[in-house]
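Work through the exercises below with the coordinates open. Each task is followed by a solution in steps.

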Amino acid sequence: MLCLHDYLDESHEYSQSVQNQGRHQAGDYWHHIMHRREPDYSNAKYWSRVVGYHPLHDELPAAVEPLFERYAALSHVASWKERLVPNKRWLLNAFVDCCQECETTGDPELNAFAQQVQWLEMLLLLQKTSLDAVSV
């Protein structure tokens, strides 16, 4: 919730306190998102490697598909689909690259797309985190 509501320092502190813990290491995933949002892209990529595989990587492609459809007419946005979802699995580091390109170019359409993707990602991760917290 801290990361979702832009309390990045507090989110960072909490995610560090639960580092490498939990069923799917959700704190490490939140740590990744927090650094991506700062932005500290190299640190975000480090944390994506720590996360490794997360079940969300299999769910995000379907969740994001409507956004790809919405932006299909914009080739500079649509071209990210191949990089973000090869083999039907979400790539965290490719999304870091997408966010970095948003910052570098200031492209309003790509930025809108990335913000919407990030929102979906955080909502789905919040759901997974909650379920992991109560699952045995």
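**Exercise 1. Helix α8**

Task: List the buried residues of α8 and state what covers them.

Solution. Step 1: the model is a predicted one, and a residue is taken as buried when its relative accessible area is under 20%. Step 2: in α8 this selects Leu-110, Phe-113, Ala-114, Val-117, Gln-118, Glu-121, Met-122, Leu-124, Leu-125, Lys-128 and Asp-132. Step 3: the cover over these residues includes α2, α4, α5 (75-78), α6 and α7.

Task: Compare the end-to-end distance of α8 with the span expected at 1.5 Å a residue.

Solution. Step 1: α8 has 27 residues, and the expected span uses one less than that number. Step 2: this gives 39 Å. Step 3: the end C-alpha atoms of α8 are 39 Å apart, so the two values agree.

**Exercise 2. Gln-116**

Task: Classify Gln-116 by accessibility and find its contacts remote in sequence.

Solution. Step 1: Gln-116 belongs to helix α8. Step 2: the relative accessible area of Gln-116 is 25%; partly exposed covers the range between 20% and 50%, so Gln-116 falls in that class. Step 3: leaving out residues up to four places away in sequence, Gln-116 touches Leu-67, Arg-70 and Tyr-71. Step 4: the C-alpha atoms of Gln-116 and Val-64 lie 8.7 Å apart, with a sequence separation of 52 residues.

**Exercise 3. The nonpolar core**

Task: Determine how many residues the largest nonpolar core has, and which elements give two or more residues to it.

Solution. Step 1: the largest nonpolar core holds 35 residues. Step 2: Tyr-29, Val-64, Leu-84, Trp-90, Phe-95 and Phe-113 have the most contacts inside this core. Step 3: two or more core residues come from each of α2 (26-37), α3 (41-51), α4 (56-70), α6 (80-84), α7 and α8 (108-134). Step 4: take Val-64 as an example; beyond four places in sequence, Val-64 touches Trp-90, Phe-113, Val-117 and Leu-120.

**Exercise 4. Helix α7**

Task: Repeat the span check for α7, then describe its buried residues and its end.

Solution. Step 1: the 14 residues of α7 should span 20 Å, and the end C-alpha atoms are 20 Å apart, which agrees. Step 2: the buried residues of α7 are Leu-92, Ala-94, Phe-95, Val-96, Cys-98, Cys-99 and Cys-102. Step 3: these buried residues pack against α2, α3, α4, α6 and α8. Step 4: after α7 comes Gly-106, with a positive phi near 70°.

**Exercise 5. Backbone exceptions**

Task: Find where the chain has a cis peptide bond, and which residues have a positive phi although they are not glycine.

Solution. Step 1: as background, most residues other than glycine have a negative phi, and most peptide bonds are trans. Step 2: the bond from Glu-38 to Pro-39 is cis, with omega near 0°. Pro-39 sits in the loop between α2 and α3. Step 3: Asn-87 has a positive phi of about 55° without being a glycine, and Lys-88 likewise has a positive phi, of about 60°. Step 4: the loop between α6 and α7 holds Asn-87 and also Lys-88. Step 5: exposed means over 50% relative accessible area, so Asn-87 at 80% is exposed; Lys-88 at 70% is exposed too.

**Exercise 6. The whole chain**

Task: Decide whether the radius of gyration of the chain is close to or far from the globule rule.

Solution. Step 1: the chain contains 8 helices and 0 strands. Step 2: the radius of gyration is 14 Å, close to the 14 Å that the globule rule gives for 136 residues, so the chain is as compact as a globular protein of that length. Step 3: the C-alpha trace spans about 45 × 30 × 25 Å along its principal axes. Step 4: of the contacts with a separation of 6 or more, 67% join residues 24 or more positions apart. Step 5: 40% of the 136 residues are buried.

Task: State which element has the lowest mean pLDDT and which the highest.

Solution. Step 1: the chain has a mean pLDDT of 89, with 91% of its residues at 70 or more. Step 2: helix α1 (residues 8-17) has the lowest mean among the elements, 70, and helix α7 (residues 92-105) the highest, 97. Step 3: where pLDDT is low, the predicted coordinates should not be read in detail.

How values were computed:
Residues are numbered from 1 along each chain as its sequence is written. This is a predicted model: local features need pLDDT of at least 70, side-chain atom pairs count only at pLDDT 80 or more; totals for chains, interfaces and linings use all residues. Side-chain values use heavy atoms; hydrogens and water are left out. pLDDT is the predictor's confidence in each residue, from 0 to 100. Helices (H or I, at least four residues) and strands (E, at least two) are DSSP runs, numbered from the N terminus. A nonpolar core is a set of buried Ala, Val, Leu, Ile, Met, Phe, Trp, Tyr and Cys residues joined through side-chain atoms within 4.5 Å. Buried means under 20% relative accessible area, exposed over 50%, partly exposed in between (1.4 Å probe, protein chains only). Contact means heavy atoms within 4.5 Å. The radius of gyration is taken over C-alpha atoms; the globule rule is 2.2 Å times the number of residues to the power 0.38.
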